Amino acid sequence: MSDYGVLLVSHVPQIVEGLSILLREVAPDVAITAAGGTDDGGVGTSFDKIQTAVLKNAGESLLAFYDLGSSKMNLDMVAELSDKKIEIFDTAFIEGAYTATALLQAKVPYHEILKQLEPLKVK
């Protein structure tokens, strides 16, 4: 297992569930956890769900990907309180998460992963 893990956050549980399935196919050795939807199963994000996903992730440092603004807001709050290093990426959600996870699986150095994610940033 890598020192790095991947964290996915979406407003819709089914989005992170589907993306997790895809990522586990290409990267079975990378720790992937996800938080989708509100605590009552609605559309939105949940601080508690994100915090639980961080705690369940075996990675010591997490690469976090999100879909919309309030996901990032909750990620920022969780990251501030976490003992783990969490780097939040402002990239295209699926493409960024896929790229990072596949490169982690291939044991590409972290600085190279950052380079690969640069063109995927949403500006």
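This text leads the reader through the aromatic pairs and the nonpolar cores of a predicted model. Local features require a pLDDT of at least 70 and side-chain atom pairs one of 80 or more, whereas totals for chains, interfaces and linings use all residues. Residues are numbered from 1 along each chain as its sequence is written, and side-chain values use heavy atoms, leaving out hydrogens and water.

A search of the whole structure finds two aromatic pairs; rings of Phe, Tyr and Trp (its six-membered ring) pair if their centres lie within 6.5 Å, and count as stacked with planes under 30 degrees apart, edge-to-face over 60 and tilted for the rest. Tyrosine 4 and tyrosine 110 are stacked, with 4.6 Å centre to centre and 0° between the planes. Because tyrosine 4 lies in strand β1 (residues 4-10) and tyrosine 110 in helix α5 (residues 110-117), this pair ties together parts 106 residues apart in sequence. Helices (H or I, at least four residues) and strands (E, at least two) are DSSP runs, numbered from the N terminus. Phenylalanine 65 and phenylalanine 89 are also stacked, at 5.2 Å and 15°. Phenylalanine 65 belongs to strand β3 (residues 61-66) and phenylalanine 89 to strand β4 (residues 85-89).

Both phenylalanines, 65 and 89, are buried, that is, under 20% relative accessible area, with exposed over 50% and partly exposed in between (1.4 Å probe, protein chains only).

The largest nonpolar core (buried Ala, Val, Leu, Ile, Met, Phe, Trp, Tyr and Cys joined through side-chain atoms within 4.5 Å) has 19 residues. Val6, Leu8, Leu63, Phe65 and Ile113 have the most contacts inside it. Helix α4 (93-105) gives the most to this core, with five residues.
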